[in-house]
Amino acid sequence: MDPLTIFLSILMAIIIVLIISKGIVVIKPWEVGIYVRLGRFVGILRPGVHWVPPFISVVDRMDLRTQVVDVPRQDVITRDNSPVTVDAIVYFRVVDPRKAYFEVTDYRQAVIALAQTTLRSVIGDMELDEILYNRTAINTKLRQILDEATDKWGVRVETVEIREVEPSPTVKRAMEEQTSAERMRRASILRADGEKRAAILKAEGEKTAQILRAEGERISAILRAEGERLATILRAQGEAQRLRVLALGAASLHSHALTAMSLGTLEKMADGKATKIIVPFEITRLVEAIAGYVGKGVREPQVKEVDIERLIKLVGKPEEVLGTIPSYEELSIEVKKALEEAKKTKLKPGEPAKEAEEILKQIEKEK
């Protein structure tokens with residue numbers, strides 16, 4: 001074969017291969033291709049391998065994944081004339097590739113520019129405190145406005161997030177002072193409330209203490225009065241018992257014995273250290289009795305016999321007045337018990353055990 005023919009055949013094959021390879025288009029899974037041929041829109045190429053006529057066709061790839069753009073910082077004057085600096089982040093994706101390609105020159109730049117103007121507009125219609133505390137509402141409002149505006153571009157705005165809101169240094173200083181004053185006010189309120197509660201609790205405690213003290217004094221007075229009443233009753237009963245014993249004992253005494261007992265009383269009065277001696281009115285009768293008893297100068301008066309039965313009715317029986325008098329056997333038993341108790345406790349010589357033994361011996365002798 002002619003070498004020229006072979007060369008031309010090989011050249012023609014290479015050209016065909018180049019033309020075929022030039023027309024191969026590979027679309028990745030997250031994108032689509034906008035197919036334009038001879039200035040006319042032919043269709044959208046989905047992910048995969050496609051062949052288009054080269055030199056007369058244009059395929060522009062478009063990413064369908066969610067894209068993130070950073071809105072530049074914006075200096076905004078709020079409704080209450082407070083200068084702030086705000087920036088945001090916008091998340092969006094292409095939902096209609098044909099609109100995004102033919103309806104706007106650069107949908108990415110269009111979204112950024114629209115986000116800037118919308119951000120300035122929304123922030124300018126709000127007060128500073130509302131901006132600082134209602135970021136969620138601002139984000140929702142921005143997303144709605146941007147989504148409506150970009151719908152005709154085939155772009156869906158998914159999320160808008162305010163990243164930073166920074167007031168001017170003067171406003172920030174005023175806010176710090178306001179916050180400090182608010183905290184001081186709250187601290188003063190809490191301190192005053194604490195002092196109020198403490199005063200109330202203290203007053204309630206004092207009230208309770210006074211009530212308890214008064215109740216204790218009342219109970220103490222009642223118990224003291226009850227004790228005094230019982231003591232008075234017992235003292236009166238003892239005095240009555242003593243008088244009954246004296247009456248019963250004096251019933252059998254002779255007038256001479258009473259005179260001798262009166263002399264003993266005068267002797268005790270004379271032994272006192274007092275410089276003044278009070279002489280009772282009946283002393284003259286006592287002297288007359290003594291003189292009659294000693295000198296027999298005056299006739300002894302007749303002593304009326306005592307009616308023992310009447311005295312017993314008035315005073316009581318001797319065993320009831322004087323009580324039970326223990327016998328020698330009973331006394332011996334009590335002393336022996338005392339000695340046994342003393343031996344159990346191991347008393348030393350010279351202690352009351354010897355005295356108890358002597359008492360026991362004396363009782364035995366008298367028996």
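Strand 6, residues 67-77, and strand 7 pair in the antiparallel sense, and 9 bridges join them. The model in which this pairing appears is a predicted one. Two residue pairs show how the strands are matched. Valine 68 has tyrosine 91 in strand 7 as its bridge partner, and valine 71 has alanine 88 in strand 7 as its partner. Strand 6 and strand 7 form a hairpin with 5 residues between the strands, and in this hairpin asparagine 81 takes a positive phi near 60°.

The hairpin belongs to an open sheet of 3 strands, arranged in the order 6-7-8 with antiparallel pairing. Strand 6 and strand 8, the latter spanning 155-167, stand at the edges with a single partner strand each, so one side of each has no neighbour in the sheet. On average, and with direction ignored, neighbouring strands of this sheet are turned by 20° against each other.

A further sheet can be followed in the same manner. Here too 3 strands form an open sheet, in the order 3-2-5, and the pairing is antiparallel. Its edge strands are strand 3, covering 40-45, and strand 5, covering 57-63, each of which pairs on one side only. From one strand to the next, the twist averages 25°. Within this sheet, strand 2, made of residues 31-37, pairs with strand 3 in the antiparallel sense over 5 bridges. Arginine 37 stands opposite arginine 40 in strand 3. As a general matter, strands of a sheet pair through backbone hydrogen bonds, in either a parallel or an antiparallel manner.

The account now turns to the helices. Two packed helices are described by the angle between their axes and by the distance between the axes. Helix 3 consists of residues 107-124 and helix 5 of residues 135-150; their axes come within 10 Å and cross at roughly 135°. An angle counts as roughly antiparallel if it is over 145 degrees and as roughly perpendicular from 65 to 115. Helix 3 and helix 5 are therefore oblique to each other. The crossing in which helix 3 passes helix 5 is right-handed.

Helix 3 and helix 5 appear again around an enclosed space. The structure holds 1 cavity of 30 Å³ or more, and the largest cavity contains about 30 Å³ of space. The residues that line the largest cavity are Val71, Ala88, Val90, Ala115, Leu119, Leu142, Leu146 and Val160. Strand 7 (83-94), helix 3 and helix 5 are the elements that give two or more residues to this lining. Val71 and Ala88, both in the lining, are also the bridge partners already met in the hairpin. By residue class, the lining of the largest cavity divides into 8 nonpolar residues, with no polar and no charged ones.

An open space presents another composition. The second largest pocket has a volume of about 200 Å³. Its lining is made up of Asp129, Tyr133, Met175, Gln178, Thr179, Glu182, Arg183 and Arg186. Helix 4 (128-133) and helix 6 (169-250) are the elements that give two or more residues to the lining of this pocket. Helix 6 supplies the largest share, 6 residues. The lining of the second largest pocket divides into 2 nonpolar, 2 polar and 4 charged residues, whereas the lining of the largest cavity has no charged residues.

Definitions and conventions. Residues are numbered from 1 along each chain as its sequence is written. This is a predicted model: local features need pLDDT of at least 70, side-chain atom pairs count only at pLDDT 80 or more; totals for chains, interfaces and linings use all residues. Side-chain values use heavy atoms; hydrogens and water are left out. Two strands pair if DSSP finds at least two bridges between them. Helices (H or I, at least four residues) and strands (E, at least two) are DSSP runs, numbered from the N terminus. Axes are lines fitted to C-alpha atoms, for helices over the stretch in contact, and angles run from 0 to 180 degrees between N-to-C directions. On a 1 Å grid over the protein atoms alone, a cavity is a set of points where a 1.4 Å probe fits but cannot get out, and a pocket is an open set with protein on both sides within 12 Å along at least five of seven lines; lining residues have an atom within 4 Å of a point. Grid points are joined across faces, edges and corners, and a volume is the space filled by probe spheres set on the points. Ala, Val, Leu, Ile, Met, Phe, Trp, Tyr, Cys and Pro count as nonpolar, Asp, Glu, Lys and Arg as charged, and the others, Gly among them, as polar. Angles under 35 degrees count as roughly parallel, over 145 as roughly antiparallel, 65 to 115 as roughly perpendicular and the rest as oblique. A crossing is left-handed if the near helix is turned anticlockwise from the far one by less than a right angle, and right-handed if clockwise.
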